[in-house]
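Please find below my notes on the model, set out as numbered points. They begin with individual residues and then turn to the chain as a whole.

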Amino acid sequence: MATKIPYKTYLTEEEMPRSWYNVKAHMKGAHDPFLNPATGKPCTKEDLRAVFCDECIDQELNNTDEYIEIPEDIRNFYKTFRPSPLVRAYFLERILDTPAEIYYKFEGNNTSGSHKLNSAAAQAYYAKKQGLRSITTETGAGQWGTALSMAAAFYGLQLDVFMVKVSSEQKPYRKEVIRTYGANVIPSPSETTEAGRRILREFPETGGSLGCAISEAVEKAQNTPSCRYVLGSVLDHVLLHQSIIGLESKAALEKYGVTPDVIIGCAGGGSNLGGLISPYMGERLQGKNQIEFVAVEPASCPSLTRGKYAYDFCDSAKTTPLAKMYTLGCGFMPSPSHAGGLRYHGMSPIVSRLYHDGYLRAVSVKQSDVFDAAVLFAKCEGILPAPESAHAIRATIDEALKCRKEGRKKSILFGLTGTGYFDLAAYKQYNDKTMNDYVPTDEDLRRGFETIPKCAANDGLL
């Protein structure tokens, strides 16, 4: 291959980003504001202080600053696992016989096994700086819970993790890693909160969802002294922290004069996709590139491709502020697919607005097709991918095969956001050919849509 681009590229510590990138600075009006469900008015900092850390709220509401400095203490923590490698997927290219150049940013080279530590480190730092003693959160596949347990241990915070019940059953060893770092794990929905008890009364056989777990974590935070809730995806400040993925990718590719033609990321709540695309999207919004951005979601939980763009609660118990996003309804209960980190009824307001305005496209893929791609990737690139990341791999392979068919050369960048070594139950089902490809019916979606609040902000949207 006549290229000088190495298989792996690492930035030096000196080249690591010193600021996060805030794509909202270039979005027209950013996105519609969060609303206080009691008043129907935009949320103020005071509205949010009972739930979130103060500095995270400031970042959440910041629509003007393009760059926000990463505190030195967080940068030092980052150095324990960053910079992460940018990899040229030469072996995948060869097996696909494609003229496309394929690159991936690998975020799985830390104990949490995923990109989640980028925001966990920041949010735990801000909680400690504020003088808090404990934090609560939810987790789906367990990667966010693992990452936050690492960060909480580093900063000396107590942590309660509400883990989606079906994921805690499918991934018992992920739960043990979280406990090893000192956190308390509660399968959700549980009997420990009023929100959990209410959900169990309504859906006694449910395997849970991220919306359920969020409800319980928020309630726990509000009822615990010196405690706040921290979230692993969806919100603007989480996407801000994850922008380090895109910033490092951009810096590494620029060493070789490469600008991607297509950038692909899996999408559940939107944090890794938003972080990967942010600096490139900022330039797109300024007319500086024509990159194609692709969000890949599970067919079992298709918030972008089949959802409605409306104000909805971020949790199942309807305790959070209302967010304008693509949603299946806060009462939607997804099937127990193995991509636990993507089983969320809504989508990041930033990603939703960009999608609504036509700056990115979305595709949904079935579970067995995703695992076909995951196994192919593992065989040629040597990494067993998480089911979530394998959604991006599926779309990347499809794009590369399209390039082969059309005889077109493109540069494709995708996010490999996690490893699948705790997902062997899923791989066993795939190997045993017992994997289920459930896709919600229109009736399933209708029931979910009925839970979207009927409010003035949604007039004409539903």
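**Notes on the predicted model**

1. K4 is placed in the segment before β1 (8-9), and the model in which it is seen is a predicted one. With a relative accessibility of 82%, K4 counts as exposed, since the threshold for that class is over 50%. Although K4 and Y256 are 252 residues apart in sequence, their C-alpha atoms are 8.3 Å apart in space.

2. T98 offers a contrasting environment, and its position deserves a separate look. This residue lies in the loop between α4 (90-96) and β5 (101-106), and T98 is buried, because its relative accessible area of 12% falls under the 20% limit. Leaving aside residues up to four places away in sequence, T98 touches E93, A400, C403 and R404.

3. Which side chain meets that of E406 in a salt bridge? The partner is R408, with a distance of 3.5 Å from N to O. Both ends of this pair are partly exposed, E406 having a relative accessible area of 41% and R408 having one of 42%.

4. Helix α18 (residues 442-449) holds E443 and R446, which are three residues apart and therefore separated by about one helical turn. Their side chains meet in a salt bridge, for which the N to O distance is 2.4 Å; a reader may wish to look at this pair in the displayed model. E443 counts as partly exposed at 35% relative accessibility, and R446 is likewise classed as partly exposed, at 36%.

5. E443 also forms a salt bridge with R447, where the closest N and O atoms are 3.5 Å apart. Here the two residues are four apart in helix α18, so that about one helical turn separates E443 from R447. R447, at 43% relative accessibility, counts as partly exposed. The two pairs of E443 belong to a wider arrangement, because a network of salt bridges links E443, D444, R446, R447 and E450. Across the whole structure, the search finds 32 salt bridges.

6. As to the charges in general, the chain carries 53 positive and 54 negative ones, and the mean positions of the two sets are 2 Å apart. The chain exposes about 17100 Å², of which carbon and sulfur atoms supply 49%.

7. Turning to the overall fold, the secondary structure of the chain amounts to 18 helices and 15 strands. The radius of gyration is 20 Å, which is close to the 23 Å given by the globule rule for 462 residues, and the chain is therefore as compact as a globular protein of that length. Taken along the principal axes, the C-alpha atoms fill a box of roughly 60 × 50 × 50 Å.

8. How much of the chain is made up of buried residues? They account for 64% of the 462 residues, and T98, described above, is one of the buried residues. Among the contacts between residues at least 6 apart in sequence, 77% join residues that are at least 24 apart.

Methods: Residues numbered from 1 in each chain as written. Predicted model: local features only at pLDDT ≥ 70, side-chain atom pairs only at ≥ 80, totals over all residues. Heavy atoms only, no water. Rg over C-alpha atoms; globule rule 2.2 N^0.38 Å. Buried < 20%, exposed > 50% of the residue type's maximum accessible area, 1.4 Å probe, protein only. Contact = heavy atoms within 4.5 Å. Areas by Shrake-Rupley, 256 points an atom, 1.4 Å probe, with all protein chains shown as cover. Lys, Arg positive; Asp, Glu negative; His and termini not counted. Charge placed at Lys NZ, Arg CZ, Asp CG, Glu CD. Salt bridge = Lys/Arg side-chain N within 4 Å of Asp/Glu carboxyl O.
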